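Please open the model in a viewer and keep the selection tool at hand. The tour below proceeds by selections, each followed by an account of what is found there.

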Amino acid sequence: MSFFSDLFSFLFALLNPTSTPLPQDIDSISTSFLDHDSPISRFWGQTFLKENIPFIDIPDLNIQSVYYYRWSSIQRHLRYTTAGSGYILTEFCQPVGYAQAFNTIDAAAGHQIDEARWLRSNFYTDDYIQIYTRGPGNSTQYTHWILDALFRRSQVNGDSQFAADQLSDMVRLFEEWAYTFDPTVGLYYFTPNFDAQEFSLPGFVVAPPSDPSSNHQLTLDGPNTYRPSHNAYMVANAFAISTIATQAGNADIASQYSQVSNDIAAAMYTHLWDPLQQFFVDVIRDNNPNLTRLSGREEVGLYPFCFGIGLDPSYTNPAAQSLFDTQGFMTTYAPTTLEVRNHTYSEILGCDIPDSSLTAEQYVQYLSIYASTQQKDGQPYVAESHSPVENAWTADSTNHSEHYDHSTNNDDVITGLLGSGLTVFADGTQIYQGTSPSATIGLPATYSIPEATPINIAANPIGINAPDSYPLASATYTYSTDDPYKAIDGYLFYDAVPDNRWTNYQSPSPNDTLIVTFPRLRKASSVTLALYYDISRNGSVDLPSRIEIYGSSGLISTISSGFLANDKNTFSFPEVETDVIAVNLFNNGNFYVGICELEVWTDPVTGPEYFAVDTFLTDAKVVNDVTSTATSNGAVVGGLSAESLVAFSGVQSDDVGTKVLGLCYSNNGTDTVSIDVRINQVRQGSLSLGPTGGSYESVTLNVELSRGSNFVTLVGGSNGILLETLNIS
């Protein structure tokens with residue numbers, strides 16, 4: 001019986017290798033009548049684009065070319081973090097010092113979720129949303145509308161259950177902003193720099209740059225200010241909580257946050273709408289007891305309209321007129337961040353596109369201006385900021401600003417430009433056509449329950465700065481400006497600059513090997529290589545002539561043809577158990593070889609047992625203990641201190657409720673050590689790890705898990721503690 005079981009397991013693995021995750025129902029018959037090749041022919045990573053993006057065909061080729069470029073840019077910013085945490089979206093392709101967990105910056109997250117919600121694969125936004133709702137993402141660094149974007153994303157993919165599962169987390173994230181709420185005014189306040197606008201009008205008012213005695217940092221940051229933007233986000237976030245609570249059947253939360261949303265909006269009309277300027281304006285908080293409104297119309301005064309505030313014509317008409325006034329916001333690369341007529345305009349430059357209340361013709365006009373702004377050297381391009389009057393990017397530093405991702409574009413095209421009319425095809429047959437702004441359409445019952453998304457066990461987001469962290473990366477030769485860890489850091493783009501790859505450029509050998517080592521034996525049935533190629537760019541890195549894949553038991557597979565340049569290549573083989581994957585790439589003639597990313601996709605760990613060595617470690621490390629039997633090599637987590645974090649992610653629960661968390665550990669010391677347990681960033685208790693004399697024992701704690709994927713973080717420890725496994729029952 002065991003023979004047949006093993007045989008069927010072998011055949012199943014051979015015929016169904018675990019590889020890079022695909023969009024749900026990718027093999028199902030779908031309607032396709034547009035050209036899916038020509039619009040993306042100039043971009044790299046075409047496999048991703050073909051599988052995921054909505055294709056369009058519109059008369060304005062400028063808007064259309066920028067649309068497809070922006071999808072290629074989104075692809076650059078999708079970063080795989082760790083197995084269990086999955087994907088995030090970055091604001092900068094390269095890491096920046098002020099970014100938070102995994103290079104996330106919450107200021108851009110609302111834009112990014114709004115854009116990525118149109119991707120066919122749900123797991124990209126599922127993962128990214130949960131980095132904030134349950135994971136280590138910092139949601140109070142900058143102002144944002146993440147909760148609103150979460151709700152509107154559910155309106156696109158119809159997954160109201162996922163949204164409902166985040167409800168308690170949404171409430172927690174909203175209430176984390178309580179420290180910036182002024183109950184006497186009914187509004188939130190924050191410094192404009194951390195409302196994602198440095199050098200704002202409030203900063204220039206309190207610390208004029210022309211005054212030598214001014215505090216430059218205050219000019220940059222601005223003072224605490226009640227802003228139309230921040231408060232509009234909070235109105236929208238509260239409304240999202242209320243709406244999702246209604247869908248989830250939680251009437252109390254729905255009522256509470258509906259009232260919160262209405263109250264903030266009412267305070268905005270009272271304090272931030274200026275009837276003389278006919279605009280929502282900033283009100284500086286400090287040293288302003290009368291709440292005097294600033295004199296000056298800023299682009300942030302348009303933001304309330306984006307979130308459903310002030311849509312009565314008495315508010316929208318003057319705002320819309322200002323967008324087409326050459327002394328207002330209208331310039332060659334409009335809109336400006338401050339009206340041209342303002343006396344500080346020449347010192348505050350920048351532009352963005354609002355989603356104000358415009359006619360269809362006006363909307364197309366501004367979208368066309370926006371597309372013309374997103375250019376460089378005759379090609380679509382985005383950097384950090386653009387001059388409103390010159391065809392020049394004012395912040396565009398090398399290996400930093402390229403393809404900057406802190407704005408929406410494709411969501412504007414889909415919901416604003418294409419949203420005025422809708423034709424729906426199902427399985428090749430037209431089932432609806434109309435011009436109403438919304439419609440309920442009956443679709444054939446073809447939806448299937450999504451399968452568990454594979455995990456990439458090769459990813460190591462910190463290896464380049466922590467080279468002893470697992471998985472390890474090494475190579476027989478590496479060019480001086482490259483790094484083996486750049487091939488497993490989760491960043492994937494094929495540009496010469498910004499750069500992120502491993503190559504053997506200038507190697508004296510005709511072939512070189514990239515090696516990834518896991519902390520324990522893992523099952524693998526495929527390896528995915530994103531192969532770098534720059535010959536067409538006058539470079540020296542070509543596709544390999546041959547690839548050999550090795551595991552800990554020797555050669556697994558040899559591949560000699562069919563390689564895709566600047567794209568993912570997945571090579572499947574019968575399942576093996578290995579603690580190392582080595583890819584030996586042979587040069588093609590006098591050229592060299594390169595890998596932008598190496599991925600090893602496996603089935604996700606669904607419990608009840610989770611290995612400590614698979615976690616994301618801070619101030620801790622993988623060690624080997626011969627007395628441990630959890631893994632074949634005795635791999636456990638040690639080197640703990642009071643500041644240590646052992647972060648388990650992807651801990652699954654089928655429902656909401658109490659579970660028993662068990663931790664298997666060893667304590668060689670004489671003292672009992674307490675370790676805090678955080679579930680989805682909330683402390684739920686502690687575990688007392690008593691002395692064990694070097695043997696492994698278990699301690700338990702009752703915890704509350706949320707439905708779906710959970711983050712379990714163990715905080716603390718001491719040098720004598722070794723952690724083996726976590727069990728959920």
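Begin with the open sheet of four strands, whose order is β3-β4-β5-β8 and whose pairing is antiparallel. The coordinates belong to a predicted model. Select residues 181–182 for β3 and 283–284 for β8: these two strands stand at the edges, and each has a single partner strand, so one side of each lacks a neighbour in the sheet.

Within this sheet, select residues 187–190, strand β4, together with residues 225–226, strand β5. The two strands pair in the antiparallel sense over two bridges. To place one of the bridges, display F190, whose bridge partner in β5 is T225.

Next, add residues 251–271, which form helix α12. Which strands of the sheet does α12 touch? Helix α12 packs on the sheet with contacts to β4 and β8, and its direction makes about 70° with that of β4.

Aromatic pairs are the next topic. A search of the whole structure finds 36 of them. For one of these, select Y269 and Y315: the ring centres lie 5.2 Å apart and the planes are at 45°, so the pair is tilted. The pair links distant parts of the chain, as Y269 belongs to helix α12 and Y315 to helix α14 (residues 313–323), 46 residues apart.

Now move to a pair of helices, selecting residues 167–175 for α8 and residues 228–248 for α11. They pack at an angle of about 160°, with their axes 10 Å apart. Angles over 145 degrees count as roughly antiparallel, and α8 and α11 are therefore roughly antiparallel to each other. The crossing of α8 past α11 is left-handed.

To inspect the contact, show the side chains of L167, M170, V171 and F174 on α8. On α11, show M234, N237, A238, A240, I241, I244, A245 and A248. Colouring by residue class gives 11 nonpolar residues, one polar residue and no charged residues in the contact of α8 with α11.

The last stop is a hairpin. Select residues 673–679, strand β30, and residues 682–689, strand β31; they pair in the antiparallel sense over seven bridges. One residue to display in this pairing is S674, whose bridge partner in β31 is S688. How many residues lie between the strands of this hairpin? There are two residues between β30 and β31, and in this hairpin N680 takes a positive phi near 50°.

Definitions and conventions: Residues are numbered from 1 along each chain as its sequence is written. This is a predicted model: local features need pLDDT of at least 70, side-chain atom pairs count only at pLDDT 80 or more; totals for chains, interfaces and linings use all residues. Side-chain values use heavy atoms; hydrogens and water are left out. Two strands pair if DSSP finds at least two bridges between them. Axes are lines fitted to C-alpha atoms, for helices over the stretch in contact, and angles run from 0 to 180 degrees between N-to-C directions. Angles under 35 degrees count as roughly parallel, over 145 as roughly antiparallel, 65 to 115 as roughly perpendicular and the rest as oblique. A crossing is left-handed if the near helix is turned anticlockwise from the far one by less than a right angle, and right-handed if clockwise. Contact means heavy atoms within 4.5 Å. Ala, Val, Leu, Ile, Met, Phe, Trp, Tyr, Cys and Pro count as nonpolar, Asp, Glu, Lys and Arg as charged, and the others, Gly among them, as polar. Rings of Phe, Tyr and Trp (its six-membered ring) pair if their centres lie within 6.5 Å; planes under 30 degrees apart count as stacked, over 60 as edge-to-face and the rest as tilted.
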